[in-house]
Amino acid sequence: MGTAGTSTDETAGERRRLINVAYRLLGSLADAEDAVQEAYARWYALPRSRQEEIVSPGAWLTTVTGRICLDVLGSARARRERYVGAWLPEPLPGSRSGSLSGSLPESLSGSLSGRAGRDHGPGTDPADQMVLDESVAMAFLVVLESMTPAERVAFVLHDVFRYPFAEIAGVLGRTPAACKQLAASARRRVGVARAPMPAAGQADMVRDTVRRVKKAWETMDIAALVDLLDPAAVMTADGGGVAGTVLRPIEGGTRIARYMLAIARTAPGLELLERPVNGAPGLVAEHAGGVVTVASFEVADGRVTRIWVVRNPEKLRLWARDG
């Protein structure tokens, strides 16, 4: 991939961009960091003479990271078949690096790699290196889960990070034409599954809706909750078999409202806080000083259409550090 120089500083400076790519491919910051660490291990294992032959270390690292992520995605399908309940991407604390800038472009072709910048070396906390924008919105990451591993790699590298298909072919081991077809197939999945996202000017509306959900939950006002939830709303929860939660999505605004109030009654001492989740307005539940739940929302016309709830403590370790 590409052409460039070969300095140690340049190689280390690629870490932030690689973390951003790998998180979007894998939906887990822990897995993303592992993939990038493995790519660097392979780089440093090369003889110095071989390193000097590589005209673009960053491109080499991107190719290797992409291939590692492709392998992880393949094995993840089998692991998730054994996963207890629904699997959701790992939520990111939104206060670290920014917020969602607005709606996704029609082709999702905004270049994130150009905005990623450089980090301070391989010891930097990967969460501090994340660029939070529409491509890490929970709704978008959930859609990515519906793709095959090859579709996901082709789509993310091309439509999100703007890599040409000739370079993506080196990651997937396919022709550029085949990679183009994979991205087109993935794009169709996005078009079918993605609900309209709020425009930049509606950010306050989304924030206000989430705030009203919080108030209705705290005051046990079921009528207000039902009014705030779309009649066809869906709530999906991820406890990973470790934290108690529903194993299947709850459908219907009234059913979701009843479930939320049942939780309020059975969880004394639970404190609900407004916090950005993957850059968008969300809610975080704390108990005894620790984060136990992170919820993100999809809002349309002032009503909540989707709620994603993560309770698996393995996916909440970043929130403990963030707090």
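Here is a short walk through a few paired strands in this predicted model.

Let's begin at strand β1, which covers residues 229-238. Of its 10 residues, 7 are buried, so the strand is mostly covered, where buried means under 20% relative accessible area. Two partners of β1 are worth tracing on your screen. With strand β2, residues 250-251, β1 pairs in the antiparallel sense, and 2 bridges link them. To find this contact, look for Met235, which stands opposite Ile250 in β2.

The other partner is strand β6, made of residues 303-310. Here β1 and β6 run parallel, joined by 6 bridges. Two residue pairs help you follow them: Leu229 stands opposite Val304 in β6, and Val234 stands opposite Arg306 in β6.

Now stay with β6 for a moment. Why is β6 described as largely enclosed by the rest of the structure? The reason is that 6 of the 8 residues of β6 are buried.

From β6 we can step across to strand β5, which spans residues 290-300. These two strands pair in the antiparallel sense over 7 bridges. Arg306 turns up again at this point, as the bridge partner of Glu298. So that you can place Arg306 in both pairings, recall that Val234 of the earlier pairing stands opposite Arg306 too.

Finally, have a look at how β5 leads into β6. The two strands form a hairpin with 2 residues between them. One residue in that turn, Asp301, has a positive phi of about 55°, a handy value to check if you are inspecting backbone torsions.

Conventions:
Residues are numbered from 1 along each chain as its sequence is written. This is a predicted model: local features need pLDDT of at least 70, side-chain atom pairs count only at pLDDT 80 or more; totals for chains, interfaces and linings use all residues. Side-chain values use heavy atoms; hydrogens and water are left out. Buried means under 20% relative accessible area, exposed over 50%, partly exposed in between (1.4 Å probe, protein chains only). Helices (H or I, at least four residues) and strands (E, at least two) are DSSP runs, numbered from the N terminus. Two strands pair if DSSP finds at least two bridges between them.
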